[in-house]
Amino acid sequence: FPVTIGRLYLGHRPVRGLRGTGVLRHRSHRQNHNGVLMKGIFLDIDGVINDHYNIRYNRRNGEFQPLDKRMVHMLSIIIDECPDVKIIISSTWRKLYTGEEFIKIFEDAGWSIPKSVLIGATPSGSGWRGHEIAHWLSTNPLEKFVILDDDLDVHKDHADNFMWINPDIGFTMAHMRNIIDYFNGDEKLKPVVYNSAREQRVQEPKHIPCTYHGRAQEHYKWD
């Protein structure tokens, strides 16, 4: 089994764009310390944990806020509720930032993501994300996994693991709830479909209920 220490693991070899991370250790690619196969989220970024409206707003106003804090917080709740779930970066951002830089980006968005959670990134080469994810899984089998993406270039074998994110809306509480339910026992991943941002705003509250993850201090409201 190939080992890469000090770089994000990308299939069979490290890629120059993700250098010097110190995130990974040999057995953490596929198993936890009890030897049990882990669960994973293949994470796209643009259109998933930021939405197109925020991207356009930031560019128009000369600001750079790469991640939506509310969406990042919901992602962190998944990890809190499902501690054996790890994150694999499938976004093209993996070509731009090191593992340490990713951790800093998440911290700037309000989440001190543990290094043990961010375990790797998909390999580059094919140009098709479905193949890149399939290649990563061929050497890193997971018990369960979810693919979050605003594009539809998913491998046919992973259709049941794919959760499409509307890039005009981004990651929502409905996505969060369905993913937690799937990792914690549901046999199938339930899709979430919002046809518009207006529909999403009507159906979802503007706060994340603290009772969902049992931490009242994180009962945030978002203006």
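**Exercise 1. Work out what share of the contacts between residues at least 6 apart in sequence joins residues at least 24 apart.**

Start with the term: a contact means heavy atoms within 4.5 Å. Next, take the contacts between residues at least 6 apart in sequence; 66% of them join residues at least 24 apart. Keep in mind that this is a predicted model, where local features need pLDDT of at least 70, side-chain atom pairs count only at pLDDT 80 or more, and totals for chains, interfaces and linings use all residues. Residues are numbered from 1 along each chain as its sequence is written, and side-chain values use heavy atoms, with hydrogens and water left out.

**Exercise 2. Lay out the order of the elements from the N terminus on.**

First, the ground rule: helices (H or I, at least four residues) and strands (E, at least two) are DSSP runs, numbered from the N terminus. Counting them up gives six helices and five strands. Reading along the chain, you get β-α-α-β-α-β-α-β-β-α-α.

**Exercise 3. Decide how enclosed β4 is, and find which strands pair with it.**

Step one is burial, where buried means under 20% relative accessible area, exposed over 50% and partly exposed in between (1.4 Å probe, protein chains only). Six of the six residues of β4 are buried, so the strand is largely enclosed by the rest of the structure. Step two, sort the side chains: Lys144, Val146 and Leu148 point one way, while Phe145, Ile147 and Asp149 point the other.

Step three is pairing, which takes at least two bridges found by DSSP between two strands. β1 pairs with β4 in the parallel sense over five bridges, and lysine 39 has lysine 144 as its bridge partner. β5 (residues 162-164) also pairs with β4 in the parallel sense, over three bridges; here leucine 148 is matched with methionine 163.

**Exercise 4. Follow α4 into the loop after it and place asparagine 140.**

Begin in α4 (residues 129-139), where the buried residues include Ile133, Trp136 and Leu137. Their cover includes β1 (39-43), β2 (85-89), β3 (118-121) and β4 (144-149). Now step into the loop between α4 and β4, and there's asparagine 140. With a relative accessible area of 0%, asparagine 140 is buried.

Finally, look for its partners. A polar atom of the asparagine 140 side chain lies 2.9 Å from the backbone oxygen of tryptophan 136. The side chains of asparagine 140 and threonine 139 share a polar contact of 2.9 Å (a pair of N or O atoms within 3.5 Å; within protein, one must be able to donate a hydrogen and the other to accept it, and residues adjacent in sequence count only if both atoms are side-chain atoms).
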